[in-house]
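With the model open in your viewer, please follow the stops below in order, selecting each group of residues before reading what is there.

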Amino acid sequence: MKSNRCAFRRYLLSASFASLVGLPAMAQHIVMAVDPGSAESNLYWETIGGLITPNMQSLVGNDPVTGVYDNSGLAESWEHNEDFTSWTFTLKENAEFSGDWGPVTAADVVHSVGLHIGESSRLSGIQALRDARVTALGERQVRFDLANPDPDFLFMHAGRAVLVIYSKAQFDAEGLEGYAANPAGSGPFTFVSRDLANTLRLAAVEDYWGGVDVSYDTLELRFVGEPATRLAMVLAGEADIVSLPRELQPEAVAAGNEIIASAQASMQSALVLSGLFLDPAGPASDLNLPWQDIRVREAMNRALDREALIEILYDGRAEPLVAFSMDPRFDGYAADLADKFEANYGYDPDRARALLAEAGYPEAFANPVIPIIATALGGSPEFGLMAELAQALFAEVGLQAEIREMDWPTLQNARLGFTADFVHPMRNAPVRPNAIGVLASYTSQLSPAYSVGSAELNAMGERLIANHVPAERAEIVSEMFTYIFDNYTHLPIATVSAEVVVNPERVLGWSFPGASSSGYSHFHLIETAAD
């Protein structure tokens, strides 16, 4: 009976939404066009965690300006034991799901963890929850007991959110089909529909339990792959907010639109080398990857004119990156590497050619071709152009490179299956604490498919995971990044803020910290002009 009522409610919501869109004078409707996500699904664990839709929530929130963890999520407070192996969250007493599915309880959290850690999960960083024991302590408290100390555990529950909370009551009544059709979230928006064109429609919740006031009535997220199409949409007034590569932004601004950036640096970009290439006995041994030779890796780095890349890709509004996943805002930053960057990584085509000659490239290599993936990922519209520019710069020094077009899910599956034999654009978004970033991007501890296959790095990672003393952890992290730097394991490019282009006649402002994987969050803070 409950299921039938919910189906009827979904029909009414869809009908109401259609009437709102048809009568803009009666309600404010905001359209945002962004890159497609990693999966067209309402089941969060089927994605890589790129975008938390504003109808769903995690346990911990972020301040909209500083990005600092706060209690704007589902938990009103949290605490940990002395060695950071046990974390207890107390849920807000008045938190509730939309659709009359009742209050948010500890049982919902335990249930949601079980869904997110299943074999079908594609979430990056999910291993941190797979190793945890999760216990409901009454209605409003839930405890996570961890296999190892984790002082950065809140990161997994805030904007990065490996876990968002679903209603157990809805699952008991409707199963996964109910979630797929109409997930009952606890955010300031409620789900309306997702169509075959991958357009997600949401409506602001009236009298929201969290006390949030949204200045508009409905939100439509259109996932559009072509940047030129998104540009055309904002120029034609078909979208109020769009994500655009920097090279297309001037045309939009010239037409009277404006750029809004996240309050904090949101993303690091790099070209990532795949294939566990530092492990002579690993999968890469059968792939004959040219970057298994450190001289080729250094040459690839020396071939990159980062100043030009930053100018073209980000219109100069970015800072050079020293090491992928290392950020000066967090413990473990190796400041001396920044001082050595120009001498070791600076643009030097002559040095790149000399290194390749020393390595005997290309004649000495069974497979000298370097495939570079042109792909799209929500919040990173510049990835396709990044691949093309890298190919051109590589060619100038004699590196043989080819472009392969590949969607993000296929790319991820290749890495998870250890068959990836390519270089691809990658982001660290949001910028993670250094301890998490170094484990997830380089070792087998958090994301095995992204490990570079170094026994030394993995041993350092084991030491880091077992240690809970902040100063000692910072020293280990710094040591790991020094190893990464010295071995040219990736091609770092830039640290950037998340940006959107808005129609100022419709959108007056938007405060978001850049703390989510897509860069976008705090949709309820979009300020709109009166219709």
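Begin by selecting Arg133 and Asp145, bearing in mind that this is a predicted model: Arg133 stands opposite Asp145, which belongs to strand S7. Widen the selection to residues 141-145, the whole of S7, and to its partner S6, and you will find the two strands running antiparallel and joined by 4 bridges.

Next, bring in the rest of the sheet, which is open and consists of 4 strands with antiparallel pairing, in the order S4-S5-S7-S6. Strand S4 (75-80) and strand S6 (133-136) are at the edges, and each has a single partner strand, so one side of each is left without a neighbour in the sheet. From one strand to the next, the twist averages 20°.

Now move to helix H7 (residues 294-303) and helix H9 (residues 335-345), whose axes lie 9 Å apart and which pack at an angle of about 100°; H7 is therefore roughly perpendicular to H9. To see the contact itself, select Glu298, Asn301 and Arg302 in H7, which meet Glu342, Ala343, Asn344 and Tyr345 in H9. Sorted by class, this contact comprises 2 nonpolar, 2 polar and 3 charged residues.

Finally, turn to the largest nonpolar core, which has 129 residues, and select those with the most contacts inside it: Leu59, Phe89, Phe144, Met300, Leu399 and Phe481. Centre the view on Phe481, leaving aside residues up to four places away in sequence, and its contacts include Phe324, Met326, Leu337, Val438 and Tyr442. Apart from this core lies another, of 24 residues, including Leu221, Ile241, Val502 and Phe512.

Methods: Residues numbered from 1 in each chain as written. Predicted model: local features only at pLDDT ≥ 70, side-chain atom pairs only at ≥ 80, totals over all residues. Heavy atoms only, no water. Pairing = 2+ DSSP bridges. Axes fitted to C-alpha atoms, helices over the stretch in contact; angles between N-to-C directions. Parallel < 35°, antiparallel > 145°, perpendicular 65-115°, else oblique. Contact = heavy atoms within 4.5 Å. Nonpolar A, V, L, I, M, F, W, Y, C, P; charged D, E, K, R; others polar. Core = buried A, V, L, I, M, F, W, Y, C linked by side-chain atoms within 4.5 Å. Buried < 20%, exposed > 50% of the residue type's maximum accessible area, 1.4 Å probe, protein only.
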